Amino acid sequence: MPAASAKKNHFKKIQSFKADYTLAEFTQYESERTGMRVAVCDRKGPKVQGYFALATEIHDDSGAPHTLEHLCFMGSRSYPYKGVLDRLATRSYSNTNAWTATDHTAYTLDSAGWEGFAQILPVYLDHVILPTLTDEGCYTEVHHIDGEGQDAGVVYSEMQGVQNNQGELMDLQARRLLYPEGVGFRYETGGMMEQLRVLTAQRIRDFHREMYQPKNLRLVLIGEVDHAQLLDILEDFEESILDAIPPPDAPFRRPWVEPKQPQALKKTIIDTVEFPEDDESMGELMIAFFGPPGTDMMSGAAMDVLLSYLSDSTASVLVNTLVEKEAVASGVYNQVDNRPDTVIWFILSSVATEKLEAVEQRFFEVLQETSAKPLDMPYLKDCVRRYKRRVMFHTESSNEVFADPIIEDHLFGNRDGSDLYTSLANLNLYDELEKWTDEQWRIFMGRWLSHAHHVSILGKPSAELSKQLKADEKARVKAQQEKFGEDGLKDLAKKLEHAKAENDKPMPKEVLEQFEIPGTDSIHFFETITARSGYDRSLDMPRNKIQDIINKDAGSPNFFIHFEHIPTNFVHFSLVLNTQSVPLEMKPLLPVFLSNFFNTPVMRDGETVAFEKIVTELEQDTVSFQIETGANIGNSELLRIKFVVEPEKYQTMIKWLELMLLHGHFDLERLRTTVKKLLADVPDEKRSGNDMLYAVDNMIHYDPKSSGRAQNTLVKALYLKRVLYRLKKMPDWVLDHMHHLRKNLITSSNMRALVVANIENLPYGPASSFDPFVAAIQDVPHLNPIDSRADVLSIAGRNPGQLNFIVPMPTIDSSFLLATTKGPNSYTHPDLPALMVATAYLDTVEGPLWTSVRGTGLAYGTGFSRGTDTGLLRFRVYRSPDAWKAYATARGVVEDFISGKRAFEKPVLEGAISSIVVEFVDEQPTMSSAAAVSFVNSVIKGVGKGYSEEMLRKVREVGEAEIKRVLEEVVLPVFLPGKADVVVTAASIMEEGLEKNFKEAGFRPQVKPLSFFQDDYGLEPLKGELEEPESEEDEDEDEDDSEGGEEGEEGEETEEEGPGELREST
């Protein structure tokens, strides 16, 4: 660290310590002048992450905390221009974001390297402490009525999209019952729509002055930080604000700690909450308990372990009983909210509506039965050890993991740093927990869970409520329009235009140009060393010390292994499988195969071993294990089996791989449970407008032979319903199909293995350890190409431009849009660099689309995404009060650039190129993610290890003429009839207007329900399947026969490049 400057600095170090379980050093500083605190976690890597957290407490549903979070980005005293912060951020290799929780607001700054972070930090803090908070900013950003009498505004449209959904309604009612009047946790800090409509700018200003004081602010920095420069920056900033903040020595009541807290629940409360939904078959249970004090670290760790014991896996007692055996819910999930008194939440998903009361009772019967008899102490001790391993793993593989405990310490911890030290310095708490006796655990469980008063919320779907909300909203808007009349609406339109003009006053170019684009010297990427074995040797062979180790440890020539050497304490293993060889009629069984894979009996040494024992042993031997599609590595046509283990378990992991792949036993009861769980989730999955948007898009743009499409819930809803019936009437048919599916997957020609580890320290042969596994599978002397998503596009996917679907959904209050057209179809396509710059320019925060769409309240966000491997370009509108208007406005922006009506701004263009640098950095913030990127580039994309550097070079060479050409030839078609396919999911009330507008624009809209897009893959219902009445005995088997939609192909967006994250809230 450079030497500190000579000038006086009011920030003094109050704490410094190193963690003994991971590479991290923590230092805390506090200003003797204002009380502002800074916590730095020193970590190696290319990113510096900042969290600027303020404790925010309010006792109403006005939404002042949430609206303030948005308004802080509208300009500050020293930089009174909307967008200056985010435009500077893009120039500085940075992204800004923010969220509003019930108890705090946090502003985030993610930067590639320290230099960019240091440059933007004082500007960002100026926006947080001294925002402009103008009436005009409040009008456009929070709420306004447009010239058509419709309510709009960024915050308003955001809350409109969530206020009446299932989870929000249940959570709010639970908190109303947990907390009395006057306790801040009771209220909706995001704002209720009816209160947002009357919220004033002055109320927001008052809240800011009360809560946004330096003494209530803690900065959290994680990464490679120059401490001396940081303190100099903060000293200068603090000096600049003293004239505008409340006197530092003025009395201040610390939020959440000094006010009154709720009393313990004196009785159990069970309440019912209805939510709008046409499909009334499935509801949800939410159960809340008050837990130990948030600053009681030992009890907190004990609760984490106990919840793992109860509901972490299919072997855990609650999941095993309620989900796997009794099948009364599709899942049991838990969460702990850390507060002065923690709150422990349980969610039971997809519970048959008529059984909600009975399942709630059964939940507590299981809890009480568990605590009444001796616990499985060997398993419980394994839970302690596994939880400790996971903490160590997560601290190595993520930087964000440190942010929450530091923010929670700011909210509730002792100011002397003692709680922070206990939380982060070591993992000794888990060593103490290993000594706990059965009696201690059962007393603890009885006190906080099994015999504790609680609040239970029974979430019931209601078609009637759905109709009522639609009718009420229609009547309210009509009355509003009549109230203002034609002249009044014209005045409102003028008022909105005036506010937009005030907000969008031009920023002098000197404001941004005074900040130079930082150098890249402070961006320190992780270096990985690649080696190859088996089929992988057909690629260019590396020459390095790790390849020498692999060469000496000659493994099977017929098994593809890609090694990445990094300094890690774990082995990160993936086995990637092609699925093209699975017959078409069996592909819809892939969700069953995935869900059943680690939750099935196994044939071992001639005996059938129960799945509970298998799961328990897997948990003992691993840090984590899972099977998923290949969406997270860029190709959902693939499957991916993942293990994380300690190095000494390397060969044990390979034995598990062989055992689960080759000797998993397809048990009829387990298959029946799996299929019922998948079907039970369908009604819940179809309630999300955004997820359904991608589900429908996936169904129309991919051929049935696509494995990704075959796993869409719009397929599951029909196909698995018929599979469930066949499990009852034709079980051999199901077993035969499952065996054939597996047989077609398991050949060495279908497999590619990735081993990320400290290869030099592996106690076993890195390659030869796989020889027994290779001998056990079908050993084929050739390697199949990676499955191609382009090869499984439908006719519409290959030639978009003929389809426009509007899908009304009663479960949502807003609209979502996805438009698809042709784009570059290879990673070396000559148009790709210019397209990257063009879409980055349009998408940049406070850029053209942001100001024209989000800034005017037309949508919460928009963005482009590139499916380079499929040759498709997409544009989406996210959570809009009128998706058509947002889409048409975006088209106008693009056309203005093409015609020259809008000029490209040099600072924004420079920022767009900087944002592409950030895009590459964001892919590899940690050692393990850098290794994964190397594998994806080399093996999945086939572009080589130096692809990122080469693409960045090409991006920097792109000129304005090339951008304009790409906008016209590639981007504009995503807005044109005959060139783009457009899917919209929307509130039912919006159907008529959307259809009219699309038709007038030259599209050919079709209004279709979700059921229109379902596909049974030719699996016809058996005779009597639809007509057979349910007997009491068969009720459980048939009750889940509901139809619905899919959440969209999971990971659909992660497979495509762009857009950046939308700003988060609430």
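Two strands count as paired here if DSSP finds at least two bridges between them. Keep that in mind for what follows, and remember that the model is predicted.

**Exercise 1. Strand β17 and its partners**

Work out which strands pair with β17, and which residue in β22 stands opposite Phe573.

*Solution.* Start with β21 (residues 639–645): seven bridges tie this strand to β17, in the antiparallel sense. One pair to look up is Val576 of β17 with Arg640 of β21. Next comes β22 (residues 751–757), also antiparallel to β17, over six bridges. There, Val755 is the residue that stands opposite Phe573.

Now check the burial of β17 (residues 571–577): seven of its seven residues are buried. Split them by direction and you get Val571, Phe573, Leu575 and Leu577 pointing one way, with His572, Ser574 and Val576 pointing the other way.

**Exercise 2. Edges of a five-stranded sheet**

Find which strands stand at the edges of the open sheet, and say what that leaves without a neighbour.

*Solution.* Write down the strand order, β10-β14-β11-β13-β12, with mixed pairing. The edge strands are β10 (269–276) and β12 (331–337); each has a single partner strand, so one side of each lacks a neighbour in the sheet. On average, neighbouring strands here are turned by 20° against each other, direction ignored.

Zoom in on β12: it runs antiparallel to β13 (residues 341–352), joined by seven bridges. Asn334, for instance, has Phe346 in β13 as its bridge partner.

Then add the helices. Helix α6 (residues 166–178) packs on the sheet and touches β10, β11 (282–293), β13 and β14 (455–462), with its direction at about 155° to that of β10. Helix α10 (residues 297–311) packs on the sheet too, touching β11, β12 and β13, and its direction makes about 175° with that of β12.

**Exercise 3. Classify a helix crossing**

Decide how α3 and α9 are oriented, given axes that cross at roughly 20°.

*Solution.* The axes of α3 (residues 114–129) and α9 (residues 227–241) come within 11 Å. Angles under 35 degrees count as roughly parallel, so α3 is roughly parallel to α9. The crossing is right-handed. Residues that meet include Trp114, Leu121 and Leu125 from α3, and Leu230, Ile233 and Phe237 from α9.

**Exercise 4. Check a helix length**

Compare the expected span of α12 with the distance between its end C-alpha atoms.

*Solution.* Helix α12 (residues 356–372) has 17 residues, so at 1.5 Å a residue it should span 24 Å. Its end C-alpha atoms are 24 Å apart, which agrees. Among its buried residues are Glu360, Arg362, Phe363 and Phe364.

Methods: Residues numbered from 1 in each chain as written. Predicted model: local features only at pLDDT ≥ 70, side-chain atom pairs only at ≥ 80, totals over all residues. Heavy atoms only, no water. Helix = DSSP H or I, 4+ residues; strand = E, 2+ residues; numbered from the N terminus. Axes fitted to C-alpha atoms, helices over the stretch in contact; angles between N-to-C directions. Contact = heavy atoms within 4.5 Å. Expected span 1.5 Å × (residues − 1). Buried < 20%, exposed > 50% of the residue type's maximum accessible area, 1.4 Å probe, protein only. Parallel < 35°, antiparallel > 145°, perpendicular 65-115°, else oblique. Left-handed = near helix turned anticlockwise from the far one by under 90°.
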